[in-house]
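Visitor: Please take me closely through the surroundings of the ligand, with the cut-offs behind each term.

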Amino acid sequence: MHTSTSRAPADASADVAEHLTHDDRVGLLRYMLLMRGIEEKAMSLYRQGKVPGSFYDGYGQEAVSVGAAFAMAPEDRLCILHRDLGAHLIRGVEPAAILSQYMGRAAGITGGRDGNVHFGDHRVGCVGMVSMLPDMMLVAAGMAMAFKLRGEARCALTWFGDGSTSRGDFHEAMNWAGVQGLPVIFVLENNQYAYSTPTRAQFAVNPVERAGAYGFPGLSVDGNDPEAVFEATRAARERAIAGDGPTLIEAVTMRMHGHAAHDDMSYVPSEQVEEWRAKDPIDRQRARAVALGVDVEALQGEVRARIDAAADEALSGPMPDPATATDRLFHPRDAEEILLGDGRGPWSGFAARAA
Ligand SMILES: Cc1ncc(C[n+]2csc(CCOP(=O)(O)OP(=O)(O)O)c2C)c(N)n1
């Protein structure tokens with residue numbers, strides 16, 4: 001991998017053949033299609049008034065969560081952000097549970113508690129999303145600290161946006177991870193905007209260089225290429241497990257929708273959106289799958305059918321019983337299960353083969 005603090009995109013092509021099988025490469029496309037399809041369905045349900053609050057999606061950013069999560073093993077732990085649905089899917093969370101979550105239904109991951117995109121199924125090694133950004137960097141560093149103290153060959157990973165780099169918590173997590181040489185991967189999802197603030201108003205330096213300032217490598221990858229994101233994460237995990245400490249990966253991408261469903265992003269120049277539309281990560285992986293001889297139409301049909309069935313199931317499920325509103329707010333076994341249990345669940349993709 002690139003271990004310098006260079007901003008040149010990592011070239012995944014050399015390592016892809018070695019670390020991704022044909023099925024893995026199709027799997028990357030399947031998870032990205034699932035993510036986009038579920039979020040499109042959710043947006044439509046939102047417009048029908050069935051999703052309370054607002055709705056946040058990761059349209060155009062699918063390669064970042066899918067590529068990174070695909071490189072992680074079952075015993076690893078993930079702190080997943082609001083634009084990273086693909087990571088939940090790769091850990092084995094069912095589309096029906098996710099759509100139920102968005103609609104605040106009893107069958108959702110939190111059973112109707114907290115914000116609709118604030119969830120994490122600890123049974124599959126995902127920490128419930130912390131809304132205060134970017135506090136999950138500190139949670140991930142804390143879990144990595146536990147792994148190190150116990151001598152366990154495990155790694156924690158978290159995603160955060162470019163806006164998060166302006167917060168003190170970012171620097172505290174980076175510093176502690178560097179000082180302690182923790183097995184943690186920080187994925188900076190640089191989608192060019194933090195709500196309406198462009199990156200030029202967010203930092204005056206190359207954000208990747210900040211890793212070097214804290215004593216560990218940083219690199220930049222094409223965040224619209226799932227195979228490049230996968231390869232950078234796989235190599236970072238290998239370093240972490242070998243005891244070589246943290247890595248910062250900047251995945252360069254673009255937020256193609258507004259901050260949330262209520263935002264028309266009129267502050268984003270339309271030429272910028274069009275420029276990035278031509279770099280769509282799904283189109284890119286679809287072209288690779290076609291070249292591999294995959295029946296992509298059939299794959300898309302299979303994904304669509306799965307989402308339609310999941311939506312029917314979620315819509316027919318009940319809302320939570322108000323009498324249970326204060327249940328499950330504090331669960332003493334949660335922390336224990338997240339950190340001590342191996343969390344092996346219905347794993348899929350690369351993680352399953354690596355286990
Ligand atoms: C400490 C804190 N301040 C404000 C917010 C409200 N908020 C939620 S998302 C967001 C924008 C974050 O931008 P960025 O980190 O670039 O991630 P993106 O949403 O672009 O993926 C803000 C301001 C928050 N969650 N936490």
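Guide: A polar contact is taken here as a pair of N or O atoms within 3.5 Å; within protein, one must be able to donate a hydrogen and the other to accept it, and residues adjacent in sequence count only if both atoms are side-chain atoms. The model is predicted, with local features needing pLDDT of at least 70 and side-chain atom pairs counting only at pLDDT 80 or more, while totals for chains, interfaces and linings use all residues. Residues are numbered from 1 along each chain as its sequence is written, and side-chain values use heavy atoms, with hydrogens and water left out.

In that sense, an oxygen atom of the ligand lies 2.9 Å from a polar side-chain atom of R83, and a ligand oxygen is 3.1 Å from an N or O atom in the side chain of H82. With G163 the partner is a polar backbone atom, 2.9 Å from an oxygen atom of the ligand. On its own the ligand has 580 Å² of accessible area (Shrake-Rupley method, 1.4 Å probe), of which the protein covers 72%.

Around the ligand there are 15 residues, counted as near if one of their heavy atoms lies within 4 Å of it, and those that come nearest are R83, S131, G163, N191 and Y193. This shell divides into 5 nonpolar, 7 polar and 3 charged residues, where Ala, Val, Leu, Ile, Met, Phe, Trp, Tyr, Cys and Pro count as nonpolar, Asp, Glu, Lys and Arg as charged, and the others, Gly among them, as polar.
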